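User: Please take a close look at one part of this model for me. Once that part is clear, I would like to see how the rest of the chain is arranged around the story.

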Amino acid sequence: PLIVWDGTILDGHNRYEIIQKHPELTYAVHKLSFANRYEALSWICKNQLGRRNLTPQQKKYLIGQRYEAEKQADAFHGNQHTLSDESGGDKVCHHQKAKTRRRIAEEIGMSQGYVQNASSFAKGVDAAEEALPGIKQEILTGTIKPTASAVAAVAKAAPEERPQLAAALKKPRGNTKQEP
């Protein structure tokens with residue numbers, strides 16, 4: 001079935017495309033319910049992590065995206081007397097981040113440090129894509145293989161520095177020879 005939340009396809013994009021081309025095909029729709037978009041994003045990441053054909057980069061990216069989504073989903077979102085933006089909602093406390101990181105690490109059988117590094121990697125991939133459209137695909141498929149720290153550095157840099165850092169990700173590693 002197509003998996004849908006709030007009118008948005010979460011899983012089944014390729015099936016949907018096929019159905020559009022062949023209206024004679026029958027299909028089912030399974031609707032899921034989430035409290036917010038972050039819970040939906042977390043579900044997408046968990047679902048995609050179940051695929052066996054992921055590259056290591058895709059896996060790391062999805063783990064990082066899941067961590068970021070779950071931090072937001074677990075954040076305090078206000079109460080009956082205050083809106084989330086008035087109460088400091090959507091701000092995730094250090095304790096909550098550690099709890100989320102620990103839970104994800106246990107579920108995937110990796111360390112908490114790996115989850116944190118995956119988060120930095122995912123932010124870097126997204127920042128690089130914003131600065132240099134198309135690079136995300138190259139990184140996640142392994143067409144280019146920059147270090148995780150070089151990818152993460154893109155997100156940490158000032159916005160005006162990101163295009164140059166993203167372009168540098170395409171350069172082969174280990175080429176320390178200087179031209180005369």
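Analyst: **The sheet and its surroundings**

A good place to begin is Ile-3, which stands opposite His-30 in strand S3. Please keep in mind that this is a predicted model, in which local features need pLDDT of at least 70 and side-chain atom pairs count only at pLDDT 80 or more, while totals for chains, interfaces and linings use all residues. Residues are numbered from 1 along each chain as its sequence is written, and side-chain values use heavy atoms, with hydrogens and water left out.

Helices (H or I, at least four residues) and strands (E, at least two) are DSSP runs numbered from the N terminus. Strand S1, residues 2–5, pairs with S3 in the parallel sense over three bridges; two strands count as paired if DSSP finds at least two bridges between them. In general, strands of a sheet pair through backbone hydrogen bonds, either parallel or antiparallel.

The complete sheet is open, with three strands in the order S2-S1-S3 and mixed pairing. S2 (8–11) and S3 (29–31) occupy the edges with a single partner strand each, so one side of each has no neighbour in the sheet. From one strand to the next, the twist averages 40°. Such angles run from 0 to 180 degrees between N-to-C directions, with axes fitted as lines to C-alpha atoms, for helices over the stretch in contact.

Two helices meet this sheet. Helix H1 (residues 13–21) packs on the sheet and touches S1 and S2, its direction making about 120° with that of S2; contact here means heavy atoms within 4.5 Å. Helix H2 (residues 37–49) lies across S1 and S2 and runs at about 30° to S2.

The loop between S1 and S2 holds Asp-6, whose phi is near 50°, a positive value in a residue other than glycine. As background, most residues other than glycine have a negative phi, and most peptide bonds are trans. Asp-6 counts as exposed at 67% relative accessibility, where exposed means over 50% relative accessible area, buried under 20% and partly exposed in between (1.4 Å probe, protein chains only).

Salt bridges come next. Each is a side-chain nitrogen of Lys or Arg within 4 Å of a carboxyl oxygen of Asp or Glu, and a search of the whole structure finds 10 of them. Asp-11 and Arg-15 form one, at 3.4 Å from N to O; Arg-15 is partly exposed, at 37% relative accessible area. In another, the closest N and O atoms of Glu-17 and Lys-21 are 4.0 Å apart. Both of these residues lie in helix H1, four residues apart, or about one turn of the helix. Glu-17 is partly exposed at 46%, while Lys-21 is exposed at 60%.

Away from the sheet, Glu-70 and Arg-103 meet in a salt bridge of 2.6 Å, N to O. This pair links distant parts of the chain, with Glu-70 in helix H3 (residues 56–74) and Arg-103 in helix H5 (residues 94–108), 33 residues apart. Glu-70 is buried, at 5% relative accessible area, whereas Arg-103 is partly exposed, at 31%. Both belong to a network of salt bridges that links Arg-66, Glu-70, Arg-103 and Glu-107.

Helix H2 also brings us to the largest pocket, since H2, H3, helix H6 (112–131) and helix H7 (135–141) each supply at least two residues of its lining. The volume of this pocket is about 460 Å³. Of its 20 lining residues, the closest to the centre are Tyr-61, Leu-62, Gln-65, Lys-136 and Leu-140. H3 gives the largest share of the lining, seven residues. On a 1 Å grid over the protein atoms alone, a pocket is an open set of points with protein on both sides within 12 Å along at least five of seven lines, unlike a cavity, where a 1.4 Å probe fits but cannot get out; lining residues have an atom within 4 Å of a point. Points are joined across faces, edges and corners, and the volume is the space filled by probe spheres set on them.

Finally, the wider setting. The chain has nine helices and three strands, running β-β-α-β-α-α-α-α-α-α-α-α from the N terminus on. Of its 180 residues, 34% are buried. Among contacts with a separation of 6 or more, 61% are between residues 24 or more positions apart.
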